[in-house]
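Let's take a friendly stroll through a protein chain, stopping at its helices, a pocket and one leucine. Have a look at the structure first.

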Amino acid sequence: MLLYFLFFIGFVLLIKGADILVDGASSIAKRYGLSDMVVGLTIVSFGTSLPELIVNILASMEGQPELAIGNVFGSNVANLLLILGVTAIICPLPIKRATVLTEIPFSLIATLLVGFLANATLFNNRYDLYISRLDGAILLGFFAMFMIYIYHVARTNKDEVVVEDDAVLMPIWKSIFFILLGAGGLFLGGTWVVDGAVHIAQSFGLSESFIGLTIVAIGTSLPELVTSAMAAYRRNIDIAVGNVVGSNIFNLLWILGISALITPLPFNVMNNSDIVMMILASAMLVLALPIGRRNAIDRLNGIVFLLVYFAYITYLVMRG
């Protein structure tokens, strides 16, 4: 009964934690002349990726590689299709040119890099696929490159950020406190929701891979979902989009890199279909822009994203 109670409380913490985190992050962006996109790609993405990080560290230490890999892959597909779909229905999402030309392609490159490293042993006629510790170090190296790029963007665009005269700025200590408090709420909420969901799933005899790709992935993506939805509702569009794109990059390069450093992750060739799904979802995101109004992901696009995601979940259920 305690686990089910924490499962419910976890949802409350997710919603409130996301609300507080967006407040604190937006205030810092205005005070220091940082764009909402930069904050969404860094501070907010880090906070909302904490559940994935904790789940993957525990899964790697406890010898559950399918859960670790499934969590990252499933979360990224959920970020692109489920979260952007729901967010676009709440409010159409205009996407800036720099995001289309740089951040989204970087996320796609990260996906292709993981796919290449996971299947690299095939070039040596070996079929025991895995993501090694060296692969993990390579992923973390690319993550460092991404952070250097974000630092450059923050410095370059600092003078272009306009703060409205009537904008209410929190004291810096309060902004930091809100970010820490919100991230803590997301961490606890995500952990409790995932623990409850996994317990429920296991009671029905579902496989570790299926749990990782669906219940755990959706559970650990709830912070991104709630945060992006809250940001869209408040018209902080750049935080909503930056959170999703940044979280995907964090998941593939930082979280999967750390997981592989802890212990090499055996890779099931069946998971290549999930990599293909991530690539397809990224392609849908780019293709949706010229189709939608004013170079944005509109509500119709959002509905299509959700339909494709539900089709993907149906495929996972059939795959077992």
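## Helical spans and a pocket

Residues 172-198 are 100% helix and 0% strand, with end C-alpha atoms 38 Å apart. Helices here are DSSP runs of H or I with at least four residues, and strands are E runs of at least two, numbered from the N terminus. This is a predicted model, where local features need pLDDT of at least 70 and side-chain atom pairs count only at 80 or more, while totals for chains, interfaces and linings use all residues. Numbering starts from 1 along each chain as its sequence is written, and side-chain values use heavy atoms, leaving out hydrogens and water.

Here are two of the spans listed as "transmembrane region" in an unreviewed UniProt entry; such annotations may be inferred rather than shown by experiment.

| Span | Helix | Strand | End C-alpha distance |
|---|---|---|---|
| residues 41-61 | 95% | 0% | 28 Å |
| residues 172-198 | 100% | 0% | 38 Å |

Now for the second largest pocket, which holds about 340 Å³ of space. Of its 17 lining residues, Gln64, Leu67, Val194, Asp195 and Val198 are the closest to the centre. (A pocket is an open set of points on a 1 Å grid where a 1.4 Å probe fits, with protein on both sides within 12 Å along at least five of seven lines; lining residues have an atom within 4 Å of a point.) Which helix gives the largest share of the lining? That's α7, with six residues.

Finally, Leu280 sits in helix α10 (residues 272-291). Its C-alpha atom is 9.8 Å from that of Leu108, 172 residues away along the chain.

Technical notes:
Grid points are joined across faces, edges and corners, and a volume is the space filled by probe spheres set on the points.
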